[in-house]
Amino acid sequence: MHLVKAASGAVLALALAACSATDEDGGGVTTEMLLGAASDNSEWLTYGRDYSEQRYSPLDQINLETVSDLGLAWHADMDTARGQEATPLVIDGKIYVTTAWSKVKAYNAVTGEPLWDFDPQVPGETAVKACCDVVNRGLAAYGDKLYLGTLDGRLIALDRETGTEVWSKVTVDQSKPYTITGAPRVVAGKVIIGNGGAEYGVRGYVTAYDADSGDQAWRFYVVPGGPEEEGTEPEYLAKARETWNGEWWKLGGGGTVWDSMAYDPELDLLYIGTGNGSPWNQAYRSPGGGDNLYLSSIVAIRPETGEYVWHYQETPGETWDFTATQHIMLADLEIDGRTRKVLMQAPKNGFFYVLDRETGELISADNYVPQNWTTGIDMATGRPIEVPEARYGDTGKPFVSTPGAGGGHSWHPMAFNPTQGLVYIPAIEAAFPYFPEANWKPDPKRGFNVGVDQAAGGMPAIEAVREGAAASTKGALIAWDPVTQSERWRVQYPGPWNGGLLATGGGLVFQGTASGYVKAYDAANGSEKWSFAAQTGVIAPPITYSIDGEQYVAVMAGWGGIWALAPGGIVNETSGPVPNISRLLVFKLGGTDKLPDAPPLVRRPLDPPAFTGDPAKLTQATYDYGRYCGACHGDAVVGSTVLPDLRRSAALNSAETWQAIVHDGALELNGMVSFADSLSRERIEGIRQYVIFRANEDKQLGGIGAQE
């Protein structure tokens, strides 16, 4: 068994000092407390529990022997029926959560008594800028404040006691399709926040603000800007410019830092994961290729100044939406007889990476899910050995990649058990067909700007094809040994998009599932020890805390996110049609609370009007639906239970009503904005006829969702 060291002497000293540290104002979260968060068993102070982001708690009251007595202590219903992805914070006996639409709620962590709530009033029309649901992943805490990133690009400081706004900063150009869904981090009195939007055409960056005043301290751009910046930019961007071609700055470039960060206080390095190219298709973004730094990379920077230190690019010349924004985790591991300070990540591209976190040196890499876009990683160069046909933009031919754009692992946090030496990965096994789009042009107003034909690979109304796709689209909880780069055990799920993870000193791994359960597994072998029917898909990661000697486990429940929206048909076939019932669930040993009976999943019948359109125009309408509608309303119009399934919409019966919604923006406050700038009335009517056509196909087939 290999040795896993918990922390260095310097960090342990900081942690011990933190045990007696107090804030001058009383009850505030100090730098010392954040540095020592790993030794604080009672609270959950920051997104990943501590700066290493291991999501491991030593609490062991709930363990292999007692977990069968785990029951619901209390629950709280949310006021928004969209995807819930947040990690709660627990401070001074109170639990703080964010919900969809960037709302914040505070409760007594023992009783569930509501204390306050905050609604930043995100405009409904912002939803069209969000590739992957109107979700929010959590808060940061420092001093007497909480920090929230909102979907419309604000960073807001709240008074932790009352929930009132202290200051607010707009941290993006709100005229562009930027969003914020990730949780901020606080390092040395600075609040650090990134953003999203690379499916639409933006330039990624991360910004630091003074935690007290909100003044901007620094901004770190991921990709170089336009020609006007050449000669004035930092050296790291000047070097990156040499790896780009064409006029990428007109398309945004991408590289958004929309989720993961970690911090090593001993090395004083902040690690950020960067996103995909904008557009995905490199043939349009950077004609002639190039590595396109610093897309799909781990970048180490100084948190005080934003100074670049090193980078490792996982997917050079990114062209598959293979982000490196997935969970970054730090640990000290014994490898080849010596202790190494490592950074670990299982990004979208399917490989598990172990890096030296001081230098960025690649220590090892191997695929944790099946993959076909490479023959492996060249350890001499650190680069993937691509198969030529994978670069669909160069060949002009489709490529069905495994993993696909959904990745082998998405945003859902992993967890690490230092006793077992295992990283637990919420994995996805799914392919994606990349059809290069001929003569692609960006649309600055609406729709996915990815340079890939989103409709060409749509699921046909052929039962055998659908069944085959569903059978090959899976999810798994994988226990991965980062030293040997091998799978120790797995729990296989029928579908993807299962929840984030928590590991505990009780020898347990907790996870929610897409099919509507919260489960506990034996950390050593994966055997199931406990299960709770949550009545909805659970995609958020659990946390644990202790108050007055009693251990609790808490998790946000609520089905949503990109997998619940875009590939709706596949999800319906694998995990079943899962409703959204958004709640905070809190468990303890002997808990006796009960959920109300689950309401029935009521859906309008699949009873469309007759198709009256021109069959010759279906090709254009199919394309328009794929580019402008599919990301929210489902591949090939097979919708989800989170947003309207258009096949069942009453608006299909009226061309006037359809035009009022799609062209005129009658439902803008709900997020359904006007598409008049992108689509003519004739093309909008074409989409209606395409939806009618598809609904009649499915009704006749009696396939996905037709029986409900």
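**Entry 1: the disulfide**

I looked up the bond between cysteine 131 and cysteine 132, which are joined by a disulfide with an S to S distance of 2.1 Å. The model is a predicted one, and I keep that in mind for every entry below. A disulfide is a covalent bond between the sulfur atoms of two cysteines. I looked up how many there are, and the structure holds one.

Next I checked the twist of the link. The angle about the S-S bond is -90°, and the link of cysteine 131 and cysteine 132 is left-handed.

Are the two partners buried or exposed? Cysteine 131 has a relative accessibility of 19%, so it counts as buried. Cysteine 132 has 26%, so it counts as partly exposed. The cut-off for buried is under 20%.

**Entry 2: cysteines 629 and 632**

I then asked why cysteine 629 has no bond to cysteine 632. The closest cysteine sulfur to that of cysteine 629 is in cysteine 632, and at 8.9 Å it is too far for a bond. A disulfide needs the sulfur atoms within 2.5 Å. I read it from the other side as well: for cysteine 632 the closest cysteine sulfur is the one in cysteine 629, again too far at 8.9 Å.

I noted their cover too. Cysteine 629 is buried because its relative accessible area is 15%. Cysteine 632 reaches 28%, so I wrote it down as partly exposed.

**Entry 3: the chain as a whole**

I turned to the whole protein chain and looked up its helices and strands. There are 12 helices and 40 strands.

For extent, I found that the C-alpha trace spans about 75 × 65 × 50 Å along its principal axes. I also compared the radius of gyration with the rule for a compact globule. For 708 residues the rule gives a value near 27 Å, and the chain has 24 Å, which agrees.

How much of the chain is buried? Of the 708 residues, 63% count as buried.

I looked up the contacts between residues with a separation of 6 or more. Residues 24 or more positions apart account for 63% of these contacts.

**Entry 4: surface and charge**

The accessible surface of the protein chain comes to about 24200 Å². Carbon and sulfur atoms hold 50% of that surface.

Last, I looked up the charged side chains. The chain has 54 positive and 87 negative ones. The centres of the two sets lie 4 Å apart.

Note on methods: Residues are numbered from 1 along each chain as its sequence is written. This is a predicted model: local features need pLDDT of at least 70, side-chain atom pairs count only at pLDDT 80 or more; totals for chains, interfaces and linings use all residues. Side-chain values use heavy atoms; hydrogens and water are left out. Helices (H or I, at least four residues) and strands (E, at least two) are DSSP runs, numbered from the N terminus. The radius of gyration is taken over C-alpha atoms; the globule rule is 2.2 Å times the number of residues to the power 0.38. Buried means under 20% relative accessible area, exposed over 50%, partly exposed in between (1.4 Å probe, protein chains only). Contact means heavy atoms within 4.5 Å. Accessible areas come from the Shrake-Rupley method with a 1.4 Å probe; for residues, only the protein chains shown count as cover. Lys and Arg count as positive and Asp and Glu as negative; His and the chain ends are not counted. The place of a charge is taken as NZ of Lys, CZ of Arg, CG of Asp or CD of Glu.
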